[in-house]
Amino acid sequence: MAEPERTERRLRPAPLLFEPSEATTDPEHFFDLESIEDPRELLARATELTLAFRAAQERAVEFQALAAAQLADPRRFDRLSTALIAEQAEWTEDYARKMIEFGESLQRDAGPEAT
């Protein structure tokens, strides 16, 4: 099954600022949101973070799919079976199969430089 064409422009997510190590030990601390008192500002920054995490998650899934397709490529001497890919990624075999197919479609859409 072919993936729908991606004609929409990718949104650039808000930058995810790294938190100082001492701040990450506080379970209530999250990208300094707890210190924002203005609800409009809090909503705006929390929304930026939500969109950034969504975009990052989507890109990470695409990279997982590409890697799965590359690992399953029958032209590789060290290719992995669907079961081994599923085990390594902690997926079911059915999901691994779908991710391999998705990765193959991403490679086709990217052209010869992706292989």
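Two rings of Phe, Tyr or Trp, the last by its six-membered ring, count as a pair if their centres lie within 6.5 Å; planes under 30 degrees apart are called stacked, over 60 edge-to-face, and the rest tilted. With that rule, a search of the whole structure gives 4 aromatic pairs. One of them is Trp-91 with Tyr-95, edge-to-face, at 5.3 Å centre to centre and 75° between the planes.

Before going on, the ground rules. This is a predicted model, where local features need pLDDT of at least 70 and side-chain atom pairs count only at pLDDT 80 or more, while totals for chains, interfaces and linings use all residues. Residues are numbered from 1 along each chain as its sequence is written, and side-chain values use heavy atoms, with hydrogens and water left out.

Back to the pair. Trp-91 is buried, at 17% relative accessible area, and Tyr-95 is partly exposed, at 36%. Buried here means under 20% relative accessible area, exposed means over 50%, and partly exposed is in between, with a 1.4 Å probe and protein chains only. Elsewhere, Phe-30, Phe-31 and Phe-53 form one aromatic cluster.

Trp-91 also belongs to the largest nonpolar core, which has 11 residues. A nonpolar core is a set of buried Ala, Val, Leu, Ile, Met, Phe, Trp, Tyr and Cys residues joined through side-chain atoms within 4.5 Å. Its members include Ala-65, Ile-85, Met-99, Phe-102 and Leu-106. Two or more residues each come from helix 2 (39-72), helix 3 (82-89) and helix 4 (93-110). Helices are DSSP runs of H or I, at least four residues, and strands are runs of E, at least two, numbered from the N terminus.

Which helix gives the most to this core? Helix 4 does, with 5 residues. The buried residues of helix 4 are Ala-96, Met-99, Ile-100, Phe-102, Gly-103, Ser-105, Leu-106 and Gln-107. Helix 2 and helix 3 are among the elements that cover them. Taking Leu-106 and ignoring neighbours within four places in sequence, the contacts, meaning heavy atoms within 4.5 Å, are Glu-62, Ala-65 and Leu-66.

On the length of helix 4: the expected span is 1.5 Å times one less than the number of residues. For the 18 residues of helix 4 that comes to 26 Å, and the end C-alpha atoms are 25 Å apart, which agrees. Just after helix 4, Gly-111 takes a positive phi of about 95°.

Now the charged side chains. The structure holds 5 salt bridges, each a side-chain nitrogen of Lys or Arg within 4 Å of a carboxyl oxygen of Asp or Glu. I will show three.

In helix 4, Asp-94 and Arg-97 meet at 2.9 Å, N to O. They are 3 residues apart, so about one helical turn separates them. Arg-97 is partly exposed, at 37%.

In helix 2, Glu-48 and Arg-45 are likewise 3 residues apart, about one turn of the helix. Their closest N and O atoms are 3.1 Å apart. Are these two residues buried or partly exposed? Glu-48 is partly exposed, at 36%, whereas Arg-45 is buried, at 16%.

The third bridge joins Arg-76 and Asp-78, at 3.0 Å, N to O. Arg-76 is partly exposed at 32%, and Asp-78 is partly exposed at 35%.
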